[in-house]
Amino acid sequence: QVRLVESGGGLVQAGGSLRLSCTASGSIVGIGLMGWYRQAEGKLRELVATITSDGDTNYADSGKGRFTISRDNAKNTIDLQMNSLKPEDTAFYFCAAVQHKWFWGQGTQVTVSS
């Protein structure tokens, strides 16, 4: 089993920045894709950004130019740097990892006030 623990959420004003971190532990050998997803109240979970073990990245249009995902394979961590935050970025953010199946963290709340 892979365990994912997120940190770094919080309350920030519009235009501000937050950095989310996710650490993987447990049976981590063979983890491929990792990423961040978010779910706003009353909405479906959606992609924020993903990163492969080789560092290839993919972003949802909503975060392009504002969000940056990074990965440290030696530390088994991924980060999400979020700049120029908007109220519509308010959501619960989940870390995900793929190792034959999807694993999810418990999530961390990000609230952007206007």
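**Exercise 1. Lys-64 and its partner**

Task: Work out whether Lys-64 is buried, exposed or partly exposed in this predicted model, and find out which residue forms a salt bridge with Lys-64.

Solution:
- Step 1. Lys-64 has a relative accessibility of 49%, so it counts as partly exposed. The exposed class takes values over 50%.
- Step 2. Now look for the partner: Asp-61 makes a salt bridge with Lys-64, and their closest N and O atoms sit 3.1 Å apart.
- Step 3. Check Asp-61 as well. Its relative accessible area is 64%, so Asp-61 is exposed.

**Exercise 2. Following Arg-19**

Task: Find where Arg-19 lies, which residues Arg-19 contacts beyond its sequence neighbours, and what the salt bridge with Asp-79 ties together.

Solution:
- Step 1. Start with the location: Arg-19 belongs to strand β3. With a relative accessible area of 42%, this residue is partly exposed.
- Step 2. List the contacts. Setting aside neighbours within four places in sequence, Arg-19 is in contact with Ser-7, Gly-8, Ser-70, Asp-79, Leu-80 and Gln-81.
- Step 3. Take Leu-80 from that list. Arg-19 and Leu-80 are 61 residues apart in sequence, yet their C-alpha atoms are 5.6 Å apart in space.
- Step 4. Turn to the side chains. Arg-19 makes a polar contact of 2.9 Å with the side chain of Gln-81, and another polar contact, of 3.2 Å, joins Arg-19 to the side chain of Asp-79.
- Step 5. The Arg-19 and Asp-79 side chains also meet in a salt bridge, at 3.2 Å from N to O. Since Arg-19 is in strand β3 and Asp-79 is in strand β8, the pair ties together parts that lie 60 residues apart in sequence.
- Step 6. Finish with Asp-79: its relative accessible area is 16%, so Asp-79 is buried.

**Exercise 3. A network of charges**

Task: Say how many salt bridges the count comes to, then trace the network that includes Arg-38.

Solution:
- Step 1. The count comes to 5 salt bridges.
- Step 2. Pick out the one between Arg-38 and Asp-89, whose side chains meet at 3.0 Å, N to O. This pair links distant parts of the chain: Arg-38 is in strand β4, Asp-89 is in the loop between β8 and β9, and 51 residues separate them.
- Step 3. Check the burial: Arg-38 and Asp-89 are both buried.
- Step 4. Widen the view. Salt bridges link Arg-38, Glu-46, Arg-66 and Asp-89 in a network.

**Exercise 4. Into the core**

Task: Find which residues touch the most other members of the largest nonpolar core, and what Tyr-93 touches.

Solution:
- Step 1. The core has 27 residues, and those touching the most other members are Leu-4, Met-34, Trp-36, Leu-80, Met-82 and Tyr-93.
- Step 2. See which strands feed in: β1, β3, β4, β5, β7, β8, β9 and β11 each supply at least two residues of this core.
- Step 3. Zoom in on Tyr-93. Not counting residues up to four places away in sequence, its contacts include Leu-20, Trp-36, Arg-38, Leu-80, Met-82 and Val-110.

**Exercise 5. Gln-99 in its loop**

Task: Decide whether Gln-99 is buried or exposed, and find which backbone oxygen lies 2.5 Å from its side chain.

Solution:
- Step 1. Gln-99 is in the loop between β9 and β10.
- Step 2. Its relative accessibility is 10%, so Gln-99 counts as buried.
- Step 3. Beyond neighbours within four places in sequence, Gln-99 is in contact with Val-2, Ser-27, Ile-28, Val-29, Gly-30 and Ile-31.
- Step 4. The backbone oxygen belongs to Ser-27, and lies 2.5 Å from a polar atom of the Gln-99 side chain.

Key: Residues are numbered from 1 along each chain as its sequence is written. This is a predicted model: local features need pLDDT of at least 70, side-chain atom pairs count only at pLDDT 80 or more; totals for chains, interfaces and linings use all residues. Side-chain values use heavy atoms; hydrogens and water are left out. Helices (H or I, at least four residues) and strands (E, at least two) are DSSP runs, numbered from the N terminus. Buried means under 20% relative accessible area, exposed over 50%, partly exposed in between (1.4 Å probe, protein chains only). A polar contact is a pair of N or O atoms within 3.5 Å; within protein, one must be able to donate a hydrogen and the other to accept it, and residues adjacent in sequence count only if both atoms are side-chain atoms. Contact means heavy atoms within 4.5 Å. A nonpolar core is a set of buried Ala, Val, Leu, Ile, Met, Phe, Trp, Tyr and Cys residues joined through side-chain atoms within 4.5 Å. A salt bridge is a side-chain nitrogen of Lys or Arg within 4 Å of a carboxyl oxygen of Asp or Glu.
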